[in-house]
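Here's a quick briefing to read alongside the model. Have the viewer open as you go through the points.

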Protein chains: 2
Amino acid sequence: MAVTMNEDLRRERASATFNPELLTHILDGSPENTRRRREIENLILNDPDFKHEDLNFLTCSQRYKVAVRKRATLVKKIREFGISDPDEIMWFKKLHMINFVEPVGLNFSMFIPTLLNQGTTAQKEKWLLPAQGLQIIGTYAQTELGHGTHLRGLETTATYDPETQEFVLNSPTVTSIKWWPGGLGKTSNHAIVLAQLYTQGKCYGLHAFIVPIREIGTHKPLPGITVGDIGPKFGYDEMDNGYLKMDHYRIPRENMLMKYAQVKPDGTYVKPVSNKLTYGTMVFIRSFLVGEAARSLAKACTIAIRYSAVRHQSEIKPGEPEPQILDFQTQQYKLFPLLATAYAFHFVGAYMKETYHRINEDIGHGDLSELPELHALTAGLKAFTSWTTNTAIEACRMACGGHGYSHCSGLPNIYVTFTPTCTFEGENTVMMLQTARFLMKSYDQVHSGKLVCGMVSYLNDLPSQRIQPQQVAVWPTVVDINSPHSLTEAYRLRAARLVEIAAKNLQTEVSHRKSKEVAWNLTSVDLVRASEAHCHYVTVKLFSEQLLKIQDKPIQAVLRNLCLLYSLYGISQKAGDFLQENILTDSQITQVHQRIKELLTVIRPDAVTLIDAFDFQDVSLGSVLGHYDGNVYENLFEWAKTSPLNKDEVHESFYKHLKPLQSKL
Amino acid sequence: MAVTMNEDLRRERASATFNPELLTHILDGSPENTRRRREIENLILNDPDFKHEDLNFLTCSQRYKVAVRKRATLVKKIREFGISDPDEIMWFKKLHMINFVEPVGLNFSMFIPTLLNQGTTAQKEKWLLPAQGLQIIGTYAQTELGHGTHLRGLETTATYDPETQEFVLNSPTVTSIKWWPGGLGKTSNHAIVLAQLYTQGKCYGLHAFIVPIREIGTHKPLPGITVGDIGPKFGYDEMDNGYLKMDHYRIPRENMLMKYAQVKPDGTYVKPVSNKLTYGTMVFIRSFLVGEAARSLAKACTIAIRYSAVRHQSEIKPGEPEPQILDFQTQQYKLFPLLATAYAFHFVGAYMKETYHRINEDIGHGDLSELPELHALTAGLKAFTSWTTNTAIEACRMACGGHGYSHCSGLPNIYVTFTPTCTFEGENTVMMLQTARFLMKSYDQVHSGKLVCGMVSYLNDLPSQRIQPQQVAVWPTVVDINSPHSLTEAYRLRAARLVEIAAKNLQTEVSHRKSKEVAWNLTSVDLVRASEAHCHYVTVKLFSEQLLKIQDKPIQAVLRNLCLLYSLYGISQKAGDFLQENILTDSQITQVHQRIKELLTVIRPDAVTLIDAFDFQDVSLGSVLGHYDGNVYENLFEWAKTSPLNKDEVHESFYKHLKPLQSKL
């Protein structure tokens with residue numbers, strides 16, 4: 001493929017008002033991080049063993065095979081290069097695996113961490129090294145065919161038999177079949193299975209068990225185990241998501257993970273001291289997903305914005321050459337708010353990571369006080385960022401016109417790989433309702449005269465004696481739509497108002513003699529709305545605070561515009577909320593619409609450079625359309641010609657089916 | 001698979017307040033239509049030649065082959081059964097082809113109609129019968145690698161050579177390669193090619209030419225023709241979308257379609273009398289797409305609502321059995337507004353079809369007066385309904401949790417087949433701007449004292465001497481949020497207001513000494529907004545008018561609730577627009593939120609039956625999750641076990657790549 005700098009992109013880069021390298025340092029966290037990341041990326045880019053191949057040209061089964069091979073190369077190379085820092089391994093994976101969906105992934109991301117967190121010392125000694133060395137390939141089996149969100153509803157049983165000192169694992173119904181675990185379909189030989197523990201005739205709820213499922217050596221399913229692939233999916237072709245049915249299948253007592261709860265040889269159950277610590281992994285994964293949302297969105301924006309700079313189409317002035325489609329206001333309006341969102345979510349992701357590590361240290365010192373808020377915040381932000389990103393990736397794809405629908409754009413692949421994030425690790429609506437539960441608790445606390453702290457501290461300012469929600473209007477505030485700080489304030493008021501409305505509606509339902517649970521259900525639309533407003537406020541707040549940390553003036557200026565665009569765009573989309581309580585006036589909303597259009601023009605010259613600063617390697621975008629350089633059309637034509645669809649025996653179908661019809665005429 | 005009535009669905013059906021059969025008659029247009037549709041569907045369902053196979057289990061190439069085979073069967077059977085009515089052929093196709101994406105489709109939907117519309121009598125005599133008999137398999141080649149929307153930008157040339165009386169067709173650049181035409185990659189032997197006509201040294205713009213591309217008999221590309229498949233896409237696996245490069249390729253003069261424009265043997269160009277008539281096909285296809293949007297959305301809702309009735313999860317009251325997820329307010333809030341939208345769009349589609357036929361008759365009598373409005377309306381409604389449906393299908397998918405991501409739900413396939421509708425036959429933003437152009441013209445007309453008629457007649461009511469747009473507020477109107485008629489009025493006011501704002505902003509830009517074209521671009525966000533408001537108004541209006549035509553009281557009642565839900569949900573989403581000009585008050589917006597929640601509860605008992613009334617056959621849904629009957633989990637398990645992913649040699653990858661790593665430990 002051609003690698004001369006594309007003329008349109010060259011001009012775009014020349015027009016930038018800031019130095020993208022400095023912005024890359026900010027995004028990476030430090031210049032040193034940028035340097036080291038690139039060093040690792042270059043290991044991959046310069047290594048012939050990492051030859052890139054286009055997954056879009058492969059069938060589902062072929063993609064699985066490539067993913068297994070890639071993971072094997074990865075493990076070898078990480079050992080060879082001596083990379084051990086988790087962040088560095090992540091950079092390595094991200095570039096090498098493109099979307100790093102792969103069958104052995106759960107061994108490292110779920111099996112080993114669960115073993116480390118919930119296993120006794122003896123258990124770790126037995127299983128950790130084999131799992132790290134891939135003698136054991138483990139997965140994590142929780143969801144069942146008929147059960148996802150509601151853990152108490154899981155049906156798989158583990159019944160202790162004191163005579164043999166074994167657990168009998170059983171899938172009593174079709175709905176109890178374990179369903180979805182990654183790597184289960186073909187790859188794993190062990191699974192950590194979540195099952196309802198029965199001992200001495202009593203059920204003690206969900207516990208984790210290490211279950212061998214395939215024979216080491218032959219890799220055949222063990223007797224009593226039925227295991228397979230759950231079938232084709234929207235994406236995730238590389239992953240053998242599987243099912244697991246256990247028929248009175250016996251494992252030794254020692255295979256129950258017993259760091260917390262225990263079952264003694266005689267069957268006596270010993271309760272865990274605290275359950276809170278198991279929060280940890282969940283909170284970690286969800287806060288990680290916020291950063292991944294930012295990353296997926298930034299990739300989608302990179303492709304769509306570069307292509308929009310290269311694509312010339314239609315005319316603005318008759319007779320003049322076709323303009324770049326990035327010069328159309330409608331195209332800017334589609335893409336620039338998403339670019340701003342990618343930056344916003346990046347900073348939220350960085351904040352979540354930092355906060356997680358800080359609170360994790362506190363937990364190490366026995367201080368669990370901040371855990372509930374962190375738990376609530378990660379739940380809501382996981383949902384908020386993944387929903388937004390999900391829609392945004394498709395908006396980017398459709399902004400690329402017809403070519404967005406071709407796999408050459410890379411965008412369909414980014415979408416299908418990302419979209420499960422809205423469902424896994426906590427279904428988004430359920431996540432929003434978890435955040436709402438915390439918000440309601442905080443509201444009640446304030447209402448009963450106590451102060452709350454952290455991100456919900458705005459609830460302290462709610463005038464406590466008010467009767468009519470309308471009176472929020474009297475809060476003294478004049479929003480300056482050109483100040484990120486003042487806009488944060490506007491979002492803060494909106495969140496406070498929607499939390500209060502939800503709380504009052506909840507109260508009303510209760511007062512109509514509904515049970516608490518029914519009342520909760522009948523208010524849940526309001527509760528989700530309140531959580532969204534809370535998360536939106538947090539995002540705006542973190543973005544505007546980020547601006548204060550930036551030294552470089554030109555970068556501060558351009559990020560300030562992005563922050564304004566993000567905040568004002570959100571207001572224009574939810575104008576009703578801001579108008580209803582006079583947080584903004586009618587004429588301010590009109591100004592917001594105008595100001596957004598102005599900001600599009602202001603951001604326009606920097607758009608491509610703002611994208612470049614994310615510093616994605618072409619290979620990690622998986623896109624022909626979004627290359628950093630080169631002639632996009634020549635590349636597309638080459639790509640199509642290489643496609644295996646042009647290598648089939650083209651005429652077979654024609655001769656077999658259509659020709660006979662002709663002769664019958 | 002089990003075919004006993006699912007117990008949950010049985011209970012749902014028993015609770016309905018109306019007779020679904022009567023509603024099916026309304027949706028089909030008459031009881032007779034329903035009867036005949038079912039008769040044709042049964043021909044397929046009872047015919048062993050139409051054995052259904054799951055496309056999700058096939059590779060891209062296999063899907064292509066199946067589609068060709070199916071089309072061949074279809075042609076044979078249509079001949080055999082003697083079906084000739086276009087509507088009946090459509091029913092036949094819809095059931096048989098599932099999404100009826102298939103390689104020979106463009107021969108019938110584009111090649112033959114274009115020949116009929118633009119060919120001379122002699123040309124029809126030459127090509128029509130062979131095309132109908134599949135001796136000729138034709139496609140329609142318009143878009144190019146570098147050019148889509150902007151027809152004047154197309155680069156392919158057809159230069160007349162009077163010496164040989166031939167046209168020389170040429171693709172001068174990479175960007176001029178024809179790109180995307182369906183059936184071009186492998187199937188077609190002819191294409192109607194759109195090219196810039198040059199004769200006697202002058203360019204006369206785009207004209208259509210019949211171009212042989214593959215040799216009849218051998219099916220090999222003819223010399224001078226480079227043709228192939230454009231590569232894998234997000235969906236449309238069955239379709240061989242292709243590219244076509246012509247290298248000074250000669251065709252006889254007679255191959256230019258000459259019903260309107262002509263080139264004489266000596267090269268003299270004869271202009272067409274009117275261009276308006278070529279509007280016809282475009283208008284027809286776009287109005288057809290509105291109905292297809294309704295149909296795709298209804299399918300997605302069918303799957304999601306049936307599954308939500310069958311799926312039990314979580315708990316509302318602790319200790320009680322897990323409720324159907326359809327009992328969660330958040331789930332109702334996700335799905336019922338979409339159900340209401342499916343009905344709304346169905347009625348809009350029926351209206352468009354009827355209007356098209358009426359105006360087409362007028363055109364037959366030489367009356368073109370209504371064509372501009374119809375053209376503007378179809379453009380906007382195509383965009384409005386396809387954007388909404390696009391988002392809605394994904395919302396349905398995600399409302400099915402994890403299983404929505406599996407191809408067993410059928411939803412990924414519905415989505416990827418539908419989503420190109422936002423781009424093809426007129427990219428949606430471009431469509432909205434076409435509607436806006438008509439709205440601005442109508443506004444100017446009113447402003448200059450003339451009345452306008454049709455759907456834009458509300459512009460006549462704009463007080464013409466106003467200076468401040470705020471004065472719209474003084475229009476005498478009190479909206480009754482429980483009256484569909486009054487809500488239509490609210491949407492009417494909103495549309496009028498947003499058209500006026502766009503017009504004034506356009507004027508302001510012009511007054512800042514911008515050229516008309518630049519001003520248009522700088523107002524285009526407002527223009528799209530105005531068009532959306534116009535289309536939203538039309539949809540609400542048609543839905544509420546439909547209610548008046550319904551005799552059956554129970555059906556009228558349930559459709560009235562759907563109409564209210566559709567209208568109120570739209571208001572809640574765009575509350576800012578309705579508040580800003582006091583179309584509704586703050587407290588009315590609060591009431592709207594409350595009323596929506598009440599309507600969810602009211603619609604709940606009828607939800608499954610409202611879905612049943614669309615009367616989709618299981619096979620046409622392409623979904624295991626959305627079956628009319630049976631045990632969804634047993635069906636899912638069977639489906640997974642049948643998947644070819646469980647037939648691969650499972651362990652090959654394991655032995656090849658992972659085992660060597662183990663031994664190296």
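How many disulfides does the structure hold over all chains? The count is zero. Keep in mind that this is a predicted model. The cysteines come up next, followed by the contact between the chains.

**Cysteines**

- A disulfide is a covalent bond between the sulfur atoms of two cysteines.
- Take A:Cys301: its closest cysteine sulfur sits in A:Cys396, 4.1 Å away, so that's too far for a bond. The cut-off here is 2.5 Å between the sulfur atoms.
- A:Cys301 is also buried, with 0% relative accessibility.
- Over in chain B, the sulfur of B:Cys422 has B:Cys535 as the place to look for its closest cysteine sulfur, but at 14 Å that one is too far for a bond as well.
- B:Cys422 counts as buried too, at 2% relative accessible area.

**Extent of the interface**

- Chain A puts 132 residues into the contact, and chain B puts in 131.
- Between them, the two chains bury about 11300 Å², and 60% of that is on carbon and sulfur atoms.

**Polar and charged pairs across the interface**

- Six salt bridges turn up between chain A and chain B.
- For a salt bridge to look up in the viewer, try the side chains of A:Lys597 and B:Asp526, which meet at 2.4 Å, N to O.
- Polar contacts across the interface come to 55 residue pairs, with both residues at pLDDT 80 or more.
- As for who's there on chain A's side of the interface with chain B, the residues split into 51 nonpolar, 50 polar and 31 charged.

Methods:
Residues numbered from 1 in each chain as written. Chains lettered and ligands numbered in written order. Predicted model: local features only at pLDDT ≥ 70, side-chain atom pairs only at ≥ 80, totals over all residues. Heavy atoms only, no water. Contact = heavy atoms within 4.5 Å. Buried area = accessible area lost by both parts, 1.4 Å probe. Salt bridge = Lys/Arg side-chain N within 4 Å of Asp/Glu carboxyl O. Polar contact = N/O pair within 3.5 Å; in protein donor to acceptor, adjacent residues only side chain to side chain. Nonpolar A, V, L, I, M, F, W, Y, C, P; charged D, E, K, R; others polar. Buried < 20%, exposed > 50% of the residue type's maximum accessible area, 1.4 Å probe, protein only.
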